[in-house]
Amino acid sequence: VRDRPLAGKRALVTSGPTREALDPVRFISNHSSGKQGHAIAAALAELGADVTLVSGPVAVPDPHGVKVVKIESADQMLAACLDAGALDIAVCAAAVADWKAARPATGKIKKKAGAPPPALELAPNPDILATLSKAGPKRPALVVGFAAETENVVANAIDKRIRKGCDWIVANDVSPATGTFGGERNTVHLITAAGTEDWPPLGKGDVAGRLAGRIALHLAEAARK
Ligand code: C5P
(Lines give C-alpha, C1' and ligand atoms only; values in the text may rest on other atoms or scores of the structure.)
Protein backbone atom coordinates (compact mmCIF):
# COMPACT_ATOMS: atom_id res chain seq x y z
CA VAL A 1 0.00 0.00 0.00
CA ARG A 2 2.79 2.39 0.82
CA ASP A 3 4.53 1.93 -2.54
CA ARG A 4 1.34 1.65 -4.56
CA PRO A 5 -1.05 4.08 -2.86
CA LEU A 6 -3.19 4.34 -6.01
CA ALA A 7 -3.79 0.57 -6.34
CA GLY A 8 -7.46 0.01 -7.19
CA LYS A 9 -7.89 3.59 -8.47
CA ARG A 10 -8.84 4.26 -12.07
CA ALA A 11 -7.22 7.24 -13.77
CA LEU A 12 -7.67 8.93 -17.14
CA VAL A 13 -5.02 11.19 -18.64
CA THR A 14 -5.33 13.19 -21.86
CA SER A 15 -2.12 14.14 -23.62
CA GLY A 16 -0.70 15.63 -26.79
CA PRO A 17 -2.33 17.83 -29.41
CA THR A 18 -5.48 17.15 -31.36
CA ARG A 19 -5.66 17.26 -35.14
CA GLU A 20 -8.68 18.79 -36.81
CA ALA A 21 -9.13 17.80 -40.44
CA LEU A 22 -9.71 20.47 -43.08
CA ASP A 23 -9.87 17.80 -45.78
CA PRO A 24 -8.43 14.27 -46.07
CA VAL A 25 -4.83 15.55 -46.29
CA ARG A 26 -4.74 18.79 -44.25
CA PHE A 27 -5.33 19.64 -40.61
CA ILE A 28 -5.14 22.28 -37.86
CA SER A 29 -3.02 21.35 -34.84
CA ASN A 30 -0.47 22.73 -32.35
CA HIS A 31 3.03 22.10 -30.99
CA SER A 32 2.12 20.05 -27.89
CA SER A 33 4.69 17.24 -27.51
CA GLY A 34 2.75 15.04 -25.08
CA LYS A 35 5.79 14.86 -22.80
CA GLN A 36 4.06 16.20 -19.69
CA GLY A 37 0.82 14.23 -20.13
CA HIS A 38 2.63 10.97 -20.89
CA ALA A 39 4.89 11.46 -17.86
CA ILE A 40 1.81 11.94 -15.66
CA ALA A 41 0.22 8.75 -16.98
CA ALA A 42 3.47 6.87 -16.22
CA ALA A 43 3.74 8.39 -12.73
CA LEU A 44 0.15 7.47 -11.81
CA ALA A 45 0.72 3.91 -13.06
CA GLU A 46 3.91 3.70 -11.00
CA LEU A 47 1.83 4.48 -7.90
CA GLY A 48 -0.45 1.58 -8.78
CA ALA A 49 -3.32 3.28 -10.63
CA ASP A 50 -5.11 1.60 -13.53
CA VAL A 51 -4.40 4.26 -16.16
CA THR A 52 -6.01 4.98 -19.53
CA LEU A 53 -4.04 7.50 -21.59
CA VAL A 54 -6.00 9.16 -24.40
CA SER A 55 -3.44 10.69 -26.70
CA GLY A 56 -3.34 12.75 -29.86
CA PRO A 57 -0.55 12.21 -32.40
CA VAL A 58 2.82 12.46 -30.59
CA ALA A 59 6.40 11.28 -31.13
CA VAL A 60 7.00 10.22 -27.52
CA PRO A 61 6.74 6.47 -26.80
CA ASP A 62 3.77 4.87 -25.04
CA PRO A 63 4.45 4.74 -21.28
CA HIS A 64 4.81 1.28 -19.76
CA GLY A 65 1.91 -0.24 -17.87
CA VAL A 66 -0.69 2.14 -19.27
CA LYS A 67 -3.61 1.50 -21.63
CA VAL A 68 -3.12 3.89 -24.56
CA VAL A 69 -6.02 5.01 -26.75
CA LYS A 70 -4.85 6.93 -29.82
CA ILE A 71 -7.15 9.51 -31.32
CA GLU A 72 -6.81 12.46 -33.68
CA SER A 73 -9.62 14.97 -33.22
CA ALA A 74 -11.10 16.60 -30.11
CA ASP A 75 -14.43 14.90 -30.83
CA GLN A 76 -12.63 11.54 -30.84
CA MET A 77 -10.76 12.47 -27.64
CA LEU A 78 -14.02 13.29 -25.86
CA ALA A 79 -15.64 10.04 -27.04
CA ALA A 80 -12.62 8.02 -25.83
CA CYS A 81 -12.73 9.78 -22.44
CA LEU A 82 -16.46 9.12 -22.00
CA ASP A 83 -15.77 5.51 -23.00
CA ALA A 84 -13.16 5.03 -20.26
CA GLY A 85 -15.84 4.08 -17.73
CA ALA A 86 -15.93 4.95 -14.03
CA LEU A 87 -12.95 7.03 -12.94
CA ASP A 88 -11.43 8.20 -9.67
CA ILE A 89 -8.97 10.61 -11.27
CA ALA A 90 -8.92 12.61 -14.51
CA VAL A 91 -5.93 14.69 -15.57
CA CYS A 92 -6.47 16.73 -18.73
CA ALA A 93 -3.03 17.62 -20.02
CA ALA A 94 -3.88 17.57 -23.73
CA ALA A 95 -3.62 20.71 -25.83
CA VAL A 96 -7.03 20.34 -27.42
CA ALA A 97 -7.56 22.51 -30.52
CA ASP A 98 -10.14 25.14 -29.64
CA TRP A 99 -11.68 25.02 -33.12
CA LYS A 100 -12.28 22.57 -35.91
CA ALA A 101 -13.40 23.10 -39.49
CA ALA A 102 -17.15 23.70 -39.50
CA ARG A 103 -17.49 21.47 -42.57
CA PRO A 104 -14.35 19.45 -43.38
CA ALA A 105 -14.15 18.71 -47.11
CA THR A 106 -14.60 15.05 -48.02
CA GLY A 107 -12.17 15.36 -50.96
CA LYS A 108 -8.89 17.30 -51.14
CA ILE A 109 -9.55 21.02 -51.54
CA LYS A 110 -8.17 21.90 -54.98
CA LYS A 111 -6.19 24.99 -55.94
CA LYS A 112 -7.78 26.75 -58.89
CA ALA A 113 -5.69 29.14 -60.99
CA GLY A 114 -6.78 32.72 -60.40
CA ALA A 115 -9.35 31.80 -57.72
CA PRO A 116 -9.12 33.41 -54.26
CA PRO A 117 -7.97 31.20 -51.35
CA PRO A 118 -10.86 29.23 -49.83
CA ALA A 119 -12.50 30.70 -46.73
CA LEU A 120 -12.12 28.61 -43.61
CA GLU A 121 -15.14 28.53 -41.35
CA LEU A 122 -14.43 27.25 -37.84
CA ALA A 123 -16.67 25.68 -35.21
CA PRO A 124 -15.82 25.28 -31.50
CA ASN A 125 -14.58 21.95 -30.17
CA PRO A 126 -16.10 20.34 -27.06
CA ASP A 127 -14.32 21.22 -23.82
CA ILE A 128 -13.24 17.84 -22.46
CA LEU A 129 -12.04 19.11 -19.08
CA ALA A 130 -15.29 21.02 -18.46
CA THR A 131 -17.37 18.05 -19.63
CA LEU A 132 -15.60 15.64 -17.23
CA SER A 133 -15.76 18.21 -14.40
CA LYS A 134 -19.51 18.66 -14.80
CA ALA A 135 -20.37 14.99 -15.34
CA GLY A 136 -22.75 14.89 -12.35
CA PRO A 137 -22.80 11.63 -10.38
CA LYS A 138 -20.28 10.10 -12.82
CA ARG A 139 -17.75 12.85 -12.13
CA PRO A 140 -14.30 11.54 -11.14
CA ALA A 141 -13.46 12.30 -7.49
CA LEU A 142 -10.53 14.47 -8.58
CA VAL A 143 -10.35 16.37 -11.87
CA VAL A 144 -7.13 18.20 -12.73
CA GLY A 145 -6.69 20.62 -15.62
CA PHE A 146 -3.74 22.47 -17.04
CA ALA A 147 -3.43 26.13 -17.89
CA ALA A 148 -0.79 27.24 -20.33
CA GLU A 149 -0.49 30.99 -20.00
CA THR A 150 1.89 33.63 -21.20
CA GLU A 151 0.83 36.40 -18.78
CA ASN A 152 -0.95 36.71 -15.42
CA VAL A 153 -0.32 32.98 -15.11
CA VAL A 154 -1.73 32.43 -11.62
CA ALA A 155 -4.67 34.88 -11.80
CA ASN A 156 -5.85 33.41 -15.10
CA ALA A 157 -5.49 29.88 -13.77
CA ILE A 158 -7.54 30.67 -10.63
CA ASP A 159 -10.34 31.92 -12.93
CA LYS A 160 -9.97 28.85 -15.12
CA ARG A 161 -10.35 26.45 -12.15
CA ILE A 162 -13.74 28.00 -11.36
CA ARG A 163 -14.87 28.32 -14.98
CA LYS A 164 -14.05 24.74 -15.90
CA GLY A 165 -15.37 23.29 -12.64
CA CYS A 166 -12.24 21.22 -12.04
CA ASP A 167 -10.60 20.65 -8.62
CA TRP A 168 -7.02 21.58 -9.41
CA ILE A 169 -5.21 23.48 -12.11
CA VAL A 170 -1.55 23.00 -12.91
CA ALA A 171 -0.56 26.38 -14.35
CA ASN A 172 2.56 26.86 -16.39
CA ASP A 173 4.19 29.78 -18.10
CA VAL A 174 4.61 28.90 -21.76
CA SER A 175 5.99 32.22 -23.01
CA PRO A 176 8.56 31.31 -25.68
CA ALA A 177 11.51 32.36 -23.46
CA THR A 178 10.70 29.59 -20.94
CA GLY A 179 11.17 26.75 -23.46
CA THR A 180 8.32 24.82 -21.81
CA PHE A 181 6.54 23.79 -25.02
CA GLY A 182 8.43 20.77 -26.34
CA GLY A 183 11.16 21.27 -23.73
CA GLU A 184 12.22 19.01 -20.87
CA ARG A 185 11.53 21.34 -17.95
CA ASN A 186 8.49 23.01 -16.50
CA THR A 187 7.87 25.63 -13.82
CA VAL A 188 4.34 25.23 -12.50
CA HIS A 189 1.92 26.50 -9.88
CA LEU A 190 -0.61 24.11 -8.36
CA ILE A 191 -3.94 25.85 -7.84
CA THR A 192 -6.46 24.18 -5.53
CA ALA A 193 -9.47 25.40 -3.54
CA ALA A 194 -7.02 25.96 -0.66
CA GLY A 195 -4.73 28.31 -2.59
CA THR A 196 -1.66 28.39 -4.81
CA GLU A 197 1.60 26.48 -4.44
CA ASP A 198 4.60 27.63 -6.45
CA TRP A 199 6.72 24.64 -7.40
CA PRO A 200 10.40 25.03 -8.28
CA PRO A 201 11.60 24.47 -11.86
CA LEU A 202 11.53 20.70 -12.39
CA GLY A 203 11.96 18.21 -15.19
CA LYS A 204 8.61 17.14 -16.65
CA GLY A 205 9.10 13.69 -15.10
CA ASP A 206 9.55 15.29 -11.67
CA VAL A 207 6.46 17.49 -12.12
CA ALA A 208 4.56 14.30 -12.98
CA GLY A 209 5.93 12.39 -9.97
CA ARG A 210 5.15 15.22 -7.59
CA LEU A 211 1.63 15.64 -9.00
CA ALA A 212 0.94 11.89 -8.77
CA GLY A 213 2.15 11.93 -5.16
CA ARG A 214 -0.15 14.86 -4.36
CA ILE A 215 -3.08 13.05 -5.98
CA ALA A 216 -2.41 9.93 -3.87
CA LEU A 217 -2.21 12.03 -0.70
CA HIS A 218 -5.42 13.87 -1.54
CA LEU A 219 -7.39 10.67 -2.18
CA ALA A 220 -6.04 9.12 1.02
CA GLU A 221 -7.08 12.20 3.01
CA ALA A 222 -10.52 12.25 1.36
CA ALA A 223 -11.00 8.56 2.24
CA ARG A 224 -10.26 9.31 5.90
CA LYS A 225 -12.97 12.00 6.09
O1 C5P B 1 -9.42 26.78 -21.90
P2 C5P B 1 -8.03 26.25 -22.01
O3 C5P B 1 -7.78 25.58 -23.31
O4 C5P B 1 -6.98 27.26 -21.69
O5 C5P B 1 -7.94 25.16 -20.86
C6 C5P B 1 -6.86 24.30 -20.73
C7 C5P B 1 -7.29 23.06 -19.99
O8 C5P B 1 -8.53 22.59 -20.52
C9 C5P B 1 -6.35 21.90 -20.17
O10 C5P B 1 -6.45 21.06 -19.04
C11 C5P B 1 -6.89 21.21 -21.41
O12 C5P B 1 -6.51 19.84 -21.47
C13 C5P B 1 -8.37 21.37 -21.21
N14 C5P B 1 -9.17 21.47 -22.44
C15 C5P B 1 -9.98 20.42 -22.81
N16 C5P B 1 -10.77 20.54 -23.93
C17 C5P B 1 -10.75 21.66 -24.67
C18 C5P B 1 -9.91 22.73 -24.31
C19 C5P B 1 -9.14 22.60 -23.19
O20 C5P B 1 -10.00 19.39 -22.12
N21 C5P B 1 -11.50 21.75 -25.76
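Two strands pair if DSSP finds at least two bridges between them. Helices (H or I, at least four residues) and strands (E, at least two) are DSSP runs, numbered from the N terminus. The structure above is a predicted model, in which local features need pLDDT of at least 70 and side-chain atom pairs count only at pLDDT 80 or more, while totals for chains, interfaces and linings use all residues. Residues are numbered from 1 along each chain as its sequence is written, and side-chain values use heavy atoms, with hydrogens and water left out.

**The sheet**

A good place to start is the sheet. Eight strands make up this open sheet, with mixed pairing, in the order E5-E4-E1-E6-E9-E10-E12-E13. At its edges are E5 (67-70) and E13 (195-198), each of which pairs on one side only. On average, neighbouring strands are turned by 15° against each other, direction ignored; axes here are lines fitted to C-alpha atoms (for helices over the stretch in contact), and angles run from 0 to 180 degrees between N-to-C directions.

Now look at strand E1, residues 10-15. Five of its six residues are buried, where buried means under 20% relative accessible area, exposed over 50%, and partly exposed in between (1.4 Å probe, protein chains only). E1 runs parallel to E4 (residues 50-55), and six bridges join the two. Within that pairing, Thr14 stands opposite Val54. E1 also pairs with E6 (residues 89-92), again in the parallel sense, over four bridges. Here Ala11 has Ile89 as its bridge partner, and Leu12 has Ala90.

Further along the sheet is E12. This strand is largely enclosed by the rest of the structure, because five of its five residues are buried. In a regular strand the side chains alternate between the two faces of the sheet. In E12, Val188, Leu190 and Thr192 lie on one side and His189 and Ile191 on the other, and both faces are covered. E12 pairs with E10 in the antiparallel sense over four bridges, and Val170 stands opposite Leu190. E12 and E13 are antiparallel too, with four bridges, and there Leu190 has Glu197 as its partner. The hairpin that joins E12 to E13 passes through two residues.

**Helices across the strands**

Helix H1 (residues 35-46) lies across E1, E4, E6 and E9 (142-149), and runs at about 165° to E1. Helix H4 (residues 153-164) lies across E9, E10 (168-173), E12 (188-192) and E13, at about 150° to E10.

**Cores and a pocket**

In soluble globular proteins, nonpolar side chains tend to be buried together. A nonpolar core is a set of buried Ala, Val, Leu, Ile, Met, Phe, Trp, Tyr and Cys residues joined through side-chain atoms within 4.5 Å. In this model the largest one has 33 residues, and Leu44, Val51, Val91, Leu211 and Ile215 have the most contacts inside it. Two or more residues come from each of E1, H1, E4, E6, E9, E10, E12 and helix H5 (204-224). H5 gives the most, with seven residues. Another core, of 23 residues, lies apart from this one and includes Cys81, Val143, Ala147 and Ala157.

Which residues does Val91 touch, not counting those up to four places away in sequence? They are Leu12, Val13, Thr14, Ile40, Leu44, Val144, Phe146, Leu211 and Ile215, with contact meaning heavy atoms within 4.5 Å.

The largest pocket holds about 900 Å³ of space. Its lining has 37 residues, and Ala94, Ala95, Val96, Phe146 and Ala148 lie nearest its centre. E1, H1, helix H3 (128-133), E9 and H4 each give two or more residues to that lining. A pocket is an open set of points on a 1 Å grid over the protein atoms alone where a 1.4 Å probe fits, with protein on both sides within 12 Å along at least five of seven lines; lining residues have an atom within 4 Å of a point. Points are joined across faces, edges and corners, and a volume is the space filled by probe spheres set on them.

**Three residues to find**

| Residue | Location | Relative accessible area | Class |
|---|---|---|---|
| Val69 | strand E5 | 24% | partly exposed |
| Ser73 | loop between E5 and helix H2 (74-82) | 14% | buried |
| Asn152 | loop between E9 and H4 | 54% | exposed |

Leaving aside neighbours within four places in sequence, Val69 is in contact with Thr52, Leu53, Val54, Ser55 and Ala80. With residues up to four places away likewise not counted, Ser73 touches Thr18, Arg19 and Glu20. Asn152 has a positive phi of about 45° although it is not a glycine. Most residues other than glycine have a negative phi.
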